Amino acid sequence: MKIETKCLHEGYAPKNGEPRVMPIVQSTTYVYDSTDDVAAVFDDPTKSLIYSRFENPTTDCVEKKIAALEGGAAAMCTSSGQAASLLSILNICEAGDSFIASASIYGGTINLFGVTLKRMGIECIWVEHDATEEQLNAAFKPNTKAVFGETLANPALTVLDIEMWAKAAHAHGVPLIIDNTFATPILCRPIEWGADIVVHSTSKYMDGHAVQVGGVIVDSGKFDWTNGKFPCMTEPDESYHGIVYTEKYAFAPYIVKARMQLMRDFGCYPAANSSFLLNLGLETLAVRMKQYCENALKVAKYIQDTGKVEFVTYPALEGIKGHELAKKYLPNGTSGVISFSIKGGRSVAVKFMDSLKLASNEVHVADIRTCVLHPASATHRQLTDEQLVAAGIDGGLIRLSVGLENVGDILDDLKQAFANI
Ligand SMILES: *Cc1c(COP(=O)(O)O)cnc(C)c1O
């Protein structure tokens, strides 16, 4: 199946007389005929359902669909993108370990990695997203267990050289985890470029309609965990009656461990209702992404020509930093998100945003409706000036998420707001 078809048909194939659409299974639990049957479920929890804190039939269909879209072996949904990023690291790092992350990533992730994980004894080593292979290699320590980056960073829109980052990670025997939220598997499939684990905030384009917060982790099933660095994968898990994940679940040991251990203990699983809505978003993901890219390219060209901005960042535009990488990793477009810095800095940016009529001022991105955000005073306000610069953000920076309205209406709105500053 081609990807447009996968969006509609992966994950659920009704049999004779069954519902066309995967129903919402609104049940916390599942009934078995005997105590022995329940015991058998615990012996191999991947075969049947136990409890909706870590698996549910509606969510299961969505997980299978997303795994297929990303070209992975298995996936696990989470109650938010933050939970996905958190579990993606905790699944292989413990107190005393470190991991490398690109400094150009989502503000919430910077805080999670730099503050909260640090409190838990896990060190994040920050590396510039455009580091050379040499610089990247030099950042590894003996206790480094993973490498993390964003395909298309929120909000800086830097493009990561995934293939090079994967090479460096693999040279040190650790997996590359990629947050593919902005690109979605429609525009880029990081596993095809060597990534081992993919995470998403499904709250963005995957849901697309701004109706529910969620996340997902996808396991490529390709990383070799048996190189001696990951006893948590290769030695018996005493908290799960001695299971050795790489032996019993060789097809996707990382995701099975994340579910049976971390999801069991942290319980950040989405509700069936949310997964049902997420599936509706996924069904149209391919057509929506195409239109977002088409609208945003026109809008980015217009903004670039106004003469009222210091710069526009939209990697699909010729002559923009990151354009060469975008041509390689995102040949069909770079999503609906554009960032630009207004001449005059913070106060002019705020005036411009407050002048918009169609585009709404909201803490969201990748909505079906056009929206804007001022990162320095919203998502990234907890960062220091130094971190802001590292994340590619200044006071005049505006993140514009171009929606699916008629592009003429979006342009008219921008024109009147530019006229107002
Ligand atoms: C929004 C976002 C997150 C966090 O996701 P939530 O669903 O809001 O928890 C993580 N990564 C990226 C790139 C995001 O845009």
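## Close-ups of the ligand, two buried residues and the hollows

**View A. The ligand and its neighbours.** An oxygen atom of the ligand is 2.9 Å from a polar backbone atom of Gln82. Next along the chain, Gly81 has a backbone N or O atom 2.8 Å from a ligand oxygen. Asn154 joins in with its side chain, where a polar atom sits 2.8 Å from an oxygen of the ligand. Each of these is a polar contact (a pair of N or O atoms within 3.5 Å; within protein, one must be able to donate a hydrogen and the other accept it, and sequence neighbours count only through two side-chain atoms). In total, 14 residues surround the ligand, with Asn154, Asp179, Ser201, Ser203 and Lys204 the closest; being near takes a heavy atom within 4 Å. This is a predicted model, with pLDDT of at least 70 needed for local features and 80 or more for side-chain atom pairs, while totals for chains, interfaces and linings use all residues. Residues are numbered from 1 along each chain as its sequence is written, and side-chain values use heavy atoms, leaving out hydrogens and water.

**View B. His364, in a loop between two strands.** Look for His364 between β10 (360-361) and β11 (371-373); strands are DSSP E runs of at least two residues, helices H or I runs of at least four, numbered from the N terminus. His364 counts as buried because its relative accessibility is 16%, and the cut-off for buried is under 20% (1.4 Å probe, protein chains only). The His364 side chain reaches the backbone oxygen of Ser203 at 3.4 Å. Leaving aside residues up to four places away in sequence, His364 touches Ser203, Lys204, Ala210, Cys371 and Arg399, where touching means heavy atoms within 4.5 Å. Two of those names, Ser203 and Lys204, are also on the list of residues closest to the ligand.

**View C. Ala84, tucked into helix α4.** Helix α4 (residues 81-90) holds Ala84. With 0% relative accessibility, Ala84 counts as buried. Beyond its sequence neighbours up to four places away, Ala84 touches Thr78, Val199, His200, Gly215, Val216 and Ile217. For a sense of scale, the C-alpha atoms of Ala84 and Leu373 are separated by 23 Å, and the two residues are 289 apart along the chain.

**View D. Two closed cavities.** The structure holds two cavities of 30 Å³ or more; on a 1 Å grid over the protein atoms alone, a cavity is a set of points where a 1.4 Å probe fits but cannot get out, and lining residues have an atom within 4 Å of a point. The largest has about 50 Å³ of space, its volume being what probe spheres set on the joined points fill. Its lining includes Cys77, Thr78, Gly215 and Ser275. Three lining residues come from α12, the largest share. The second largest cavity, about 40 Å³, is lined by Met22, Thr58, Cys61, Val62, Ser275, Phe276 and Asn279. Here α3 (57-70) and α12 each supply at least two residues.

**View E. The largest pocket.** This pocket has a volume of about 430 Å³; a pocket is an open set of points with protein on both sides within 12 Å along at least five of seven lines. Its lining counts 21 residues, and Thr46, Asp60, Glu63, Lys64 and Arg259 lie nearest the centre. The largest share of the lining, six residues, comes from α3, while β1 and α11 (253-266) are also among the elements supplying at least two.

Key. Buried means under 20% relative accessible area, exposed over 50%, partly exposed in between (1.4 Å probe, protein chains only).
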